[in-house]
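This note is addressed to a colleague who is meeting the structure for the first time. Please read the points in order, with the sequence and the model in view.

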Amino acid sequence: MISLPLLPAVIIDFSGSAIAIVLSFMALRYSRLLARLQPNNFIWGFLFYFCIAMAAFSLSRGVGHIVRILLLFSDHNEMWKQLSPLSGGSNTMLMISAAAVTIYYHKGLDAYKALRTEAEKLAEANAKLQASAGQLQELNALLEQKVEERTRNLSESEKKFRNFFENSKDIIYFCDKDGFITSINTSGRKLLGLKKPVNSVTFYDLFAATEDRKKYVAELQSKGFVSDLEMECRLEDGSTRHILLSANTISDRHGKMTGCEGIGKDMTRLKTITEQLINHEKMASVGQMAAGVAHEINTPLGIILGYTQLLMDDFEPESEMHTNLTVVERQAKACRRIVADLLRFSRQSESIKTSVDLNRVIEEVLSVTEHTLGIHQITVIRDFADELSPVFGDAEKLRQIFINLINNAQYAMSEGGKIIIATREDDDGVHFSVTDTGTGIPAEIKNRIFDPFFTTKDVGKGTGLGLSVTYGIVQEHGGTVGMESPAAHSDASGTSGPGSTFHITLPAFPPGTAFKEDM
Amino acid sequence: MASKKIREIVIAVLVLLVTTTDSAWALQSHGAPEGVYVHQIAHLLFAGALIYLYWHTRRTPTLAGRGWKYLQTFCIIFACWNIVALAGHEAFSFLSAEDFIDKNSWNERIAGPLNFTKVLYFITKMDHLLFVPAMLALVISLRTLYADAAREEQK
């Protein structure tokens with residue numbers, strides 16, 4: 001009867017169990033490596049747990065089979081009978097466990113996929129966010145760079161204009177719509193003599209002439225700008241300045257005027273120089289004419305005077321004809337004095353120049369005139385410098401200057417007053433001034449006082465040549481003459497007039513200095 | 001309201017069970033064949049789970065590659081092993097002590113005359129011829145997957 005030996009099956013069972021245990025643990029090792037390599041990968045996690053179940057199952061089953069063979073073949077049937085249900089039970093349990101892990105795998109996988117999809121979306125969104133953040137950062141950096149660059153440019157520009165504003169020698173100002181100065185540069189404050197806080201000063205109040213102010217306001221309102229407007233500006237100390245003004249209105253976005261800005265150039269010095277130049281030219285031409293006239297008149301006048309004196313010899317001194325000829329002679333002599341004055345004004349008369357002490361010349365003049373001045377209740381105040389350099393000039397002509405100025409002062413003080421005569425010396429030369437406390441000189445005739453034959457005296461009381469002659473003599477001596485009215489130290493009490501001061505400067509001629517022909 | 005009613009019903013049922021039954025049914029005794037049945041059912045469950053894993057990995061596009069092919073091979077072989085084991089257990093249940101000669105010795109044999117059950121038992125007794133290759137396929141599969149993953153990580 002054919003029977004089947006079970007030894008091969010037993011050998012396969014024994015060795016297969018051992019090999020299966022080894023292989024199951026190898027699988028467990030690889031699954032563990034996988035799970036460690038990518039811990040967040042659910043599939044590797046599942047395979048790891050599956051391999052644990054498989055290893056446990058292989059171990060349980062393999063050991064069970066090996067132990068069964070060993071126990072049964074060593075005649076320990078009873079022991080195996082006790083162990084058999086335990087081995088079978090654990091095998092069953094581990095098979096169910098492995099099956100359960102496998103069955104629930106898809107649920108985990110779905111969850112993992114959903115999580116992974118969300119994670120990928122999140123990663124994508126994060127990447128986009130990072131890209132956006134990067135772009136934003138770049139833009140921000142660019143913006144910061146631009147802001148920095150523009151701030152620097154703005155700062156440089158501000159500095160440039162601030163320097164221009166502060167260092168300009170012209171007046172630069174800003175006003176609000178009511179004309180109150182909101183900002184003005186240092187030169188402007190100095191030129192306009194502003195001592196009060198500038199925002200309490202209206203620019204309109206600086207106009208000396210109402211017409212100029214009206215024109216300024218009208219042009220700003222109608223045209224929006226003012227160009228080269230000449231304004232006379234009255235300063236806080238009462239002095240005036242001539243300003244050449246250009247200004248523009250400042251408007252808001254609705255075109256409504258909110259203020260104005262302007263630049264003013266101080267033209268006072270230029271105006272003075274121009275006036276002096278014009279005056280000088282005028283005096284030069286007048287002098288030239290006067291010299292011509294004097295020369296032409298002088299000769300026939302000499303003949304008239306000569307023949308008059310010859311005729312006088314032919315008549316008895318008590319006769320009517322002699323008396324008439326005396327009148328003719330007197331008037332002819334008066335004409336000659338006028339002609340002589342004209343020649344002195346036009347510097348045509350001869351001079352004998354020596355070193356002259358002005359203090360002494362003034363004293364000589366005062367010794368003659370002071371008595372008369374006293375009669376007219378005029379007090380002379382001497383304010384002489386102790387040590388005064390001499391001047392090189394004609395003493396007689398210099399004496400004439402003082403006589404003319406003192407006469408004019410006396411005329412201006414019909415009710416009495418004071419004459420202050422001062423001398424001093426500095427690098428520019430020797431200065432002397434004659435100040436009176438009289439009626440002063442009106443502004444409208446200031447430019448004409450040195451014109452020949454211009455006088456405010458009544459007819460017959462003056463020829464109008466006194467100041468012209470003074471001017472001519474000063475010019476001949478290389479000096480300058482100026483007038484100030486009201487006088488700088490006019491009496492504020494009001495008991496006397498504003499007065500006037502004549503300033504004369506002559507070149508100093510210190511002892512030992514060589515004489516120059518062109519002086 | 002509904003939860004309150006359910007709670008009342010549950011309490012009423014519990015009270016009835018405790019107070020009105022003649023004998024307690026809290027525990028049920030298990031006979032000897034129950035363990036065999038459970039074991040056989042476990043084999044079926046395990047085989048079904050492996051076939052499911054095979055099917056799922058085949059239809060999932062992201063689980064493609066050589067490693068997954070080996071895993072699918074493992075699933076098929078191991079599912080087959082489960083069926084073989086189940087068949088072996090069933091065949092053994094039809095055999096008696098007289099069907100074996102020199103039982104539990106190195107000379108143990110299946111006594112003749114041979115029939116289907118005896119031959120089936122003899123063949124299924126060598127189930128490790130499936131078990132070991134299946135485990136080998138699992139090892140190769142995991143090694144391949146690990147190598148691929150490591151290569152991917154290195155990138």
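The points below take up confidence, the contact between the chains, its polar features and the shared sheet.

1. Status of the model. The structure is a predicted model. For the complex, the predictor reports an ipTM of 0.82 and a pTM of 0.45.

2. Confidence in chain B. The average pLDDT of chain B is 87, and 89% of the residues score at least 70. Within chain B, helix α1 (residues 2-20) has the lowest confidence, with a mean of 79. The highest confidence in chain B belongs to helix α3 (residues 66-94), at 94. As a general caution, where pLDDT is low, the predicted coordinates should not be read in detail.

3. Extent of the contact. Chain A brings 53 residues to the contact, and chain B brings 53 residues as well. Between them the two chains bury about 4,800 Å², and carbon and sulfur atoms account for 79% of that area. On the side of chain A, L4(A), L6(A) and M95(A) provide 14% of the area buried against chain B, more than any other three residues.

4. Polar features of the interface. A single figure can be given for salt bridges between chain A and chain B: the count is 1. The salt bridge joins R61(A) to D127(B), and the closest N and O atoms lie 2.3 Å apart. In addition, 10 residue pairs are found in polar contact across the interface, with both residues at pLDDT 80 or more.

5. Elements of chain A at the interface. Which elements of chain A give two or more residues to the side that touches chain B? They are β1 (4-5), α1 (7-37), α2 (42-73), α3 (77-103) and α4 (105-167). The most is given by α1(A), with 18 residues. Sorted by class, this side of chain A holds 35 nonpolar, 14 polar and 4 charged residues.

6. A sheet built from both chains. Strands of the two chains form an open sheet of 3 strands in the order β1(A)-β2(B)-β1(B), with antiparallel pairing. The edge strands, β1 of chain A and β1 (100-101) of chain B, each pair on one side only. Across the chain boundary, β1(A) pairs with β2 (residues 109-110) of chain B in the antiparallel sense, over 2 bridges. In this pairing L4(A) stands opposite I110(B) of β2(B). L4(A) is also one of the three residues named above for their share of the area that chain A buries against chain B.

Notes:
Residues numbered from 1 in each chain as written. Chains lettered and ligands numbered in written order. Predicted model: local features only at pLDDT ≥ 70, side-chain atom pairs only at ≥ 80, totals over all residues. Heavy atoms only, no water. Contact = heavy atoms within 4.5 Å. Buried area = accessible area lost by both parts, 1.4 Å probe. Salt bridge = Lys/Arg side-chain N within 4 Å of Asp/Glu carboxyl O. Polar contact = N/O pair within 3.5 Å; in protein donor to acceptor, adjacent residues only side chain to side chain. Helix = DSSP H or I, 4+ residues; strand = E, 2+ residues; numbered from the N terminus. Nonpolar A, V, L, I, M, F, W, Y, C, P; charged D, E, K, R; others polar. Pairing = 2+ DSSP bridges. pLDDT = per-residue confidence, 0-100.
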